[in-house]
Each structure stands twice: as C-alpha cells, then as structure tokens.
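Subject: Structure for you to look at

Hello,

Below is the structure I said I would pass on. My notes on what was found in it follow directly after.

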Amino acid sequence: MSSSVTRAAGNEPPQPSAAASTEAANGTANGAVTSEGTAATGTGQAPGNAPGTGAVTSAGAGSGTPAAGTPAAGTPAEAGADGAPASPLRRGAARFARPVLAVLAGALLYASFPPRPLWWLAPLALALLAGCLHGRRAGFGLGFLFGLGYLLPLLVWTSEGVGPVPWLALATLEALLIGLTGLGIALVSRLPAWPLWAAAVWVAGEALRARAPFGGFPWGKLAFGQADGLFLPLAALGGTPLLSFAVALCGFGLYEALRVARAHPRRTAAALAALTVAAPIGAALAARPLVSDAAEDGTAVAAVIQGNVPRAGFDFNAQRRAVLDNHAKRTVQLAEDVKAGRVPKPDFVVWPENSSDIDPFTQPDAYDVIDKAVKAIGVPVAIGSVLVPESGPLRNTMILWDPVKGPTDTYDKRKIQPFGERMPMRSFVRIFSADVDRVRRDFGPGKEPGVFDMAGSGVGMVTCYEAAFDDAVRSTVRAGAQVIAVPSNNATFGRSQMTYQQLAMDRIRAVEHSRSVLVPVTSGVSAVIRPDGTIVQQTRMFTADALVAEIPLRSTETPATRFGPLPEYVLLAVAAGGFGWVLTRRIRARRAAGAGTPEAS
C-alpha cells in the first residue's frame with residue numbers, strides 16, 4: 001500500500017485545479033495517486049462523496065482504475081452512474097446504511113457466542129464492522145452502535161431478578177468503550193497494512209474493558225466465543241489476547257481482501273490482503289501441538305457436586321439452609337453410590353461457590369452438616385462458603401475440608417464483582433434502582449492465589465467471575481495448580497445463556513494453561529473439561545447431580561502461562577505505533593499544507 005503522492009485530509013487548495021475538475025467529471029475526484037494501485041489516504045472530495053473514501057488509481061495510465069462513475073470498493077454508492085453527485089435522498093440512505101450495518105455486525109458477533117457453536121460468525125461480524133469504519137471519521141458512533149448490537153443481547157442475563165436498569169447501564173457503558181475502539185480502528189484504517197493495526201487496536205480495547213472502570217469487565221472478549229473454533233490452539237501460545245487478535249485480524253483482513261480484490265483482482269496488494277486472513281489460520285494450525293491432554297503427573301478421580309437450589313418462594317435464610325442441605329445430601333448419596341460400586345471412589349470432591357452461604361465457623365449446625373457429608377465420602381472436599389467476620393467486609397471463601405482434620409485451608413476470592421458483591425457509588429446508584437440495597441454488606445477481595453493439596457493433587461481455586469480475568473487464572477497455575485477448579489453460583493441468572501458463556505470461558509482456560517478444569521455450579525451447568533478443551537461430562541440445569549471422572553494431572557507450563565501478559569503488551573505497543581504513525585502523518589500533512597506544497601510520503 002505504498003503511495004507516491006498522498007493528499008492529506010482537509011488540505012486541498014481552496015481553488016480546485018483543472019486536473020481536479022477533470023477528475024470530478026470522471027467520478028474519481030476522491031482518488032489518490034498510488035504507485036501500486038492500492039488504497040491511498042485520498043481526501044480531495046467531489047460533492048456528495050463520503051470523506052476519506054475514494055476510487056483507487058495507479059501511476060500507470062488507466063491500469064487498475066475503476067470505470068468512470070463506479071464507486072470504489074468498500075464505499076457507499078453516493079454518486080450517480082454518470083459520475084454526477086447523487087440526490088440528497090440517495091446520499092441520506094447511504095449514510096443511514098452504515099449505522100444499521102454496525103448494529104447488525106454487533107448482533108452477528110453475539111450470534112457467534114455460546115450456546116451456539118457458530119464461532120465462524122465472529123470474523124464475518126468484524127469484516128462487516130470494518131466495512132462500516134474503513135476510512136471514516138465517525139468511528140466512535142459506529143463503534144458504539146456495534147457495541148450495543150453486540151452487548152445488549154449478550155448481557156441480557158444481568159437483568160434477571162433486578163429488572164432492566166443494571167443490564168442497560170452495563171451494556172451502554174461497555175458499548176461506549178467499544179465506541180473508543182471503533183474510533184481507533186477508523187483512525188488506523190488509512191494506514192498501509194491497516195488490518196494489522198486495527199486488530200491490535202481491538203485487543204487494546206479489550207485490555208481497557210478488562211481493567212476499567214471498577215476493576216474491569218472482560219466478559220465478551222472475542223476469545224471467549226472461540227471454544228469450538230479453529231483458532232483455539234492460539235490460546236496456549238499467547239492467551240486470550242493473541243486469540244482475540246487472530247480473530248480480529250482474520251475479520252479485518254477478509255474485508256480488505258474483498259475490497260482490494262474487487263478493485264484490483266490482479267494486483268499484488270490483493271494477495272497481501274489475503275495473507276492477513278491466511279496468517280492467523282496458519283498460526284492456529286501450527287500451534288496445535290501445544291494442545292495436549294496427556295497425563296504428565298498421573299491421573300486423579302475427581303467429583304463435582306451440583307446440589308441444586310430450591311424453587312422460588314423461600315425466604316432468604318431458608319434458601320441458604322436449603323442449598324447447603326442439598327449439597328450435603330447429594331454428597332452423601334455419592335458416598336452410597338461408591339459403596340454400591342455404581343461409581344468409582346473419588347480422590348477429592350469440589351462443591352460450588354456459595355454451596356454454604358452460612359458461615360460454618362460461626363454456625364455450629366452448618367459445621368455439623370458439612371462435616372458429616374465430608375466424613376461420609378471420606379475424601380477431601382472443597383466447600384464454597386460465605387464467611388462473616390465481626391467487622392470488615394464479607395469473604396467469598398473456598399474451604400478445604402478434611403474428613404479427619406476438618407477445615408484445614410481457605411481461599412478468598414480475589415476478583416469481587418462490582419454491583420454484585422460490592423456496591424460502588426451506593427448513594428448515587430440508589431437514585432436509579434432500589435435493588436442497590438440488596439448488597440447490604442460488601443465483600444472484600446483476597447490477596448493470594450489458592451491451591452489446595454487434595455489427596456496429593458494441586459487443585460487451584462478460580463471462583464466463578466475470576467475465570468474471566470487472565471491474571472487470576474494464570475497466577476493460580478503458576479502457584480502450582482495441576483487442576484483448575486471454577487466453583488460457581490449461577491442460580492441468580494436462571495436458565496439464561498450466562499452459564500454457557502461462562503462454561504466456554506472455562507474451556508478456553510483449559511487450553512490456555514493445559515489443565516483439566518472442574519466446574520461445579522449450584523444449579524448447573526456443571527462440567528468436567530479436559531486440557532484440550534473438550535467436555536467429557538456435564539449436567540443439566542436445575543437438577544441435583546454429581547459428576548465423577550478420571551482426569552489427567554499436568555504441570556507443564558504453556559507459552560501463554562510463561563509469557564503471561566507479554567503478548568498483550570506487545571499488541572498494545574503495536575496499537576500505539578499505529579496511532580503514532582497516524583499522528584505523524586497528520587502533522588506532516590498540516591505542515592505541507594501550510595507551506596503550500598504536496599507531501600511526499
């Protein structure tokens with residue numbers, strides 16, 4: 001995409017030259033002269049043409065130039081067949097089409113997410129988004145609309161039980177951040193090899209959403225929709241940032257390949273654009289040897305308990321005790337099945353998050369119920385509980401319970417969900433929703449990763465919401481986890497798609513760190529996942545069940561585990577380099593315009 005002469009945006013001389021008038025007559029006034037016939041950053045505008053778009057011309061006479069009056073590939077047809085400006089009605093329709101397509105692109109990306117196995121829709125959605133943003137100045141608005149089309153349906157489960165206000169607020173806030181991403185993509189879309197810069201900008205946007213505001217909300221990363229996809233092995237190479245980058249690069253490259261091939265089917269530029277599609281696919285295929293479920297450290301028989309929750313109608317205190325009784329009862333039933341020879345005896349058992357919302361250290365009856373269940377099964381059990389200290393915040397805690405010694409270790413959840421487990425800006429939020437006071441006492445975060453020694457196996461605790469955060473999972477594996485457990489409580493969200501979205505995250509984490517993942521959930525879906533991301537067992541929702549499976553134990557670290565955030569930092573540097581290049585070009589263009597001379601690139 002090199003060019004010999006580039007016109008800078010907004011820097012045309014006030015009086016058009018004769019050559020410019022001739023170009024307008026032939027429907028090519030918005031083109032830029034290039035040496036290879038590739039898209040340039042043309043900015044001279046004939047009336048009715050969208051800013052920043054233009055027909056592609058070559059240095060050679062007529063070579064690769066669209067016929068007069070033919071719109072350039074990837075731009076709305078805003079000129080008539082004779083090259084004259086289109087009517088105001090037609091121009092208005094063309095401008096209206098982009099916002100509609102942006103929303104549709106977002107909806108298409110949502111459709112690529114679980115429980116639907118339509119992962120391949122994600123690159124198509126980003127290709128459509130690229131068509132909306134390429135060469136535009138209105139990137140923020142289009143990105144925002146894309147974000148709404150994507151996140152409103154994806155996050156609708158957040159309205160369960162509390163009404164639409166939290167859902168609309170969260171989706172709008174996250175869509176605003178995606179709007180910033182759209183602005184960044186639009187800015188770099190005029191650079192040579194722009195799909196590379198744009199994909200890095202997408203990762204930068206995801207990095208921002210994972211960190212701010214209120215500690216971040218990584219839900220909806222591109223990577224989390226790829227559990228069944230071709231690109232999945234890249235998670236083991238560079239974690240979720242590299243996986244998201246590959247999907248974004250493929251989507252943006254697909255648009256660019258089609259755009260350039262339409263205008264210049266015989267050009268080298270078309271082949272280079274196609275390379276941006278082939279490169280991530282080739283990298284994913286090359287990374288497949290990193291995905292393994294071999295039992296490096298032997299195997300263990302693990303069990304996960306899904307005790308279920310009672311039907312609505314219980315008051316809060318009765319509900320908590322009923323949930324505890326359900327999990328204890330299902331554990332005792334598992335012990336009876338073991339004695340009868342119906343299932344193998346597990347080496348350890350994991351209960352879900354909040355399986356005992358009653359603090360067993362302060363409530364003797366809860367302690368006795370848990371202790372009897374653990375003694376019945378006769379192996380270590382990880383119990384999800386809520387600890388209530390006399391002062392300070394509550395603790396969302398996993399307790400390691402030994403059948404002989406009782407409680408021996410604890411892990412406090414480190415990533416506390418804002419507006420769910422803690423309430424920022426309580427007085428302000430109360431203006432919009434009285435449900436704010438459902439969180440009467442905030443939870444506090446733990447500080448250290450938790451790896452329980454359960455019958456000789458290192459079982460790392462990643463509690464529910466933490467599975468969305470790269471650092472929370474990686475630090476647990478680096479602390480010695482041979483197996484990852486993701487105890488969760490999704491009962492609040494009913495039969496929504498939330499539990500399937502979270503299960504897909506757990507599958508990504510299994511491949512990313514090459515570990516078996518155990519997913520006990522109060523109401524489902526509970527699952528056992530092998531290190532290659534395959535689900536070997538899973539439950540149905542809102543049923544009492546127990547899963548028992550032999551799983552491989554592994555201690556090898558994948559490149560993603562070793563490198564940690566380094567791939568993300570590299571991609572952030574690439575995005576920053578793209579923005580720096582855009583800024584440099586604009587400064588040079590303004591200086592050239594001030595001097596009254598054309599800029600040579």
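In this predicted model, six strands make up an open sheet with mixed pairing, and their order across the sheet is β6-β7-β8-β9-β10-β11. The edge positions are taken by β6 (450-454) and β11 (535-538); each has a single partner strand, so one side of each has no neighbour in the sheet. On average, neighbouring strands here are turned by 20 degrees against each other, if direction is ignored.

As background, the strands of a sheet pair through backbone hydrogen bonds, in either a parallel or an antiparallel way. For β10 (residues 527-529) and β11 the arrangement is antiparallel, and three bridges join the two. One residue to look up there is A527, whose bridge partner in β11 is Q538.

A helix also belongs to this part of the picture. Helix α13 (residues 498-513) lies across β9 (516-519), β10 and β11, and it runs at about 25 degrees to β10.

Two cis peptide bonds are worth finding on the display. One joins G524 and V525, with omega at about 5 degrees; V525 sits in the loop between β9 and β10, two of the strands that α13 lies across. The other joins A212 and P213, where omega is about -10 degrees. P213 is placed in the loop between α6 (194-209) and α7 (234-263).

Two residues that are not glycines have a positive phi. For A193 phi is about 55 degrees, and the residue lies in the loop between α5 (164-188) and α6. N354 has a phi of about 60 degrees and is found in the loop between β2 (348-350) and α10 (364-377). Are these two residues buried or exposed, or something in between? A193 has a relative accessibility of 42%, so it counts as partly exposed. N354 has a relative accessible area of 13%, which is under the 20% cut-off and therefore makes this residue buried.

Last, a word on confidence. The chain has a mean pLDDT of 85, and 83% of its residues reach 70 or more. Residues 1-82 stay under 50, although the model has 161 contacts beyond four places in sequence for them. The pLDDT is also below 50 over residues 312-316, a stretch with one contact in the model beyond near neighbours in sequence. Where pLDDT is low, predicted coordinates should not be read in detail.

Regards

Notes
Residues numbered from 1 in each chain as written. Predicted model: local features only at pLDDT ≥ 70, side-chain atom pairs only at ≥ 80, totals over all residues. Heavy atoms only, no water. Pairing = 2+ DSSP bridges. Helix = DSSP H or I, 4+ residues; strand = E, 2+ residues; numbered from the N terminus. Axes fitted to C-alpha atoms, helices over the stretch in contact; angles between N-to-C directions. Contact = heavy atoms within 4.5 Å. pLDDT = per-residue confidence, 0-100. Buried < 20%, exposed > 50% of the residue type's maximum accessible area, 1.4 Å probe, protein only.
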